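Reader: I'm new to reading structures, and words like "pocket" and "salt bridge" still confuse me. Could you walk me through how such labels get decided?

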Amino acid sequence: MIVRLNPSALRDIRRYEYVVRFAMGGAMTVIAGLIASRFGPVIGGLFLAFPAIFPASATLIEKHERKRKEKAGLSGARRGKEAAALDAAGAVLGSLGLAAFAVVIWLLTEQSASLALVLAAAAWVAVAVFAWLVRQWL
Amino acid sequence: MIMGAVALASYSWVVCLLLKKFMVTSWAATLSAIVVWFAVALGASAALFGAP
């Protein structure tokens, strides 16, 4: 499978759908900060990986796919759920990358915060892409 | 954050399963699986670092 960028898909997304995602993500970041200041960084860090944006994204993906099928005169219920399930499968791979990101930050941040951030981002890409390749191979 | 990421992976896997095998709606799958995120995140943190 070849990964492609399809900019025309951006036109299908309405403005409020971006607003929902940004608002949920931003709100969760603020909440994680508040939790960290009240309960400490371990619990605060947990909530940095809280699925705040995912429910809205999966629902919107299901809706878009269903509508696309319905435009073609077909029932898109099954297709919409399958598209959202694929998004969830991708989120599993991204989560593994996020765990690698967190491990690198945990190990290196005391030496150099900026270097830790760069290496952690590289670890995220490496682990997520590797997991995707393994999934393709299986 | 490491435990949160592991919980997020478990959560996403459960959502994928609910959507693919049980054909529930995205809203129902993503919201009901939040329980999984809390169970894994808080359970793993309590096991490793003690109760908050």
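Author: Sure, let's start with what surrounds the largest pocket: its lining has 28 nonpolar, 10 polar and 8 charged residues. Keep in mind that this is a predicted model.

Reader: How do you know which residues belong to the lining of the largest pocket?

Author: A lining residue needs an atom within 4 Å of a pocket point. For the largest pocket, 46 residues line it, and A:Ile61, A:Leu86, A:Asp87, A:Gly90 and A:Ala91 lie nearest its centre. The space in there is about 1,700 Å³.

Reader: Which helix gives the most to that lining?

Author: Helix 4 of chain A, with 10 residues. Chain B joins in too: its helix 1 (2-20) is among the elements that supply at least two residues each.

Reader: What makes A:Lys81 count as having no salt bridge?

Author: A:Lys81 sits in helix 4 of chain A. The nearest side chain of opposite charge, A:Glu62, is 4.5 Å away. A salt bridge has to be within 4 Å, so at 4.5 Å the pair doesn't qualify.

Reader: Why is A:Lys81 called buried?

Author: Buried means under 20% relative accessible area, and A:Lys81 is classed as buried, so its value must fall under that cut-off.

Reader: What does A:Lys81 touch?

Author: Leaving out residues up to four places away in sequence, A:Lys81 touches A:Glu62 plus B:Leu19, B:Met23, B:Val24 and B:Thr25.

Key: Residues are numbered from 1 along each chain as its sequence is written. Chains are lettered from A and ligands numbered from 1 in the order in which they are written. This is a predicted model: local features need pLDDT of at least 70, side-chain atom pairs count only at pLDDT 80 or more; totals for chains, interfaces and linings use all residues. Side-chain values use heavy atoms; hydrogens and water are left out. Helices (H or I, at least four residues) and strands (E, at least two) are DSSP runs, numbered from the N terminus. Buried means under 20% relative accessible area, exposed over 50%, partly exposed in between (1.4 Å probe, protein chains only). Lys and Arg count as positive and Asp and Glu as negative; His and the chain ends are not counted. Contact means heavy atoms within 4.5 Å. On a 1 Å grid over the protein atoms alone, a cavity is a set of points where a 1.4 Å probe fits but cannot get out, and a pocket is an open set with protein on both sides within 12 Å along at least five of seven lines; lining residues have an atom within 4 Å of a point. Grid points are joined across faces, edges and corners, and a volume is the space filled by probe spheres set on the points. Ala, Val, Leu, Ile, Met, Phe, Trp, Tyr, Cys and Pro count as nonpolar, Asp, Glu, Lys and Arg as charged, and the others, Gly among them, as polar.
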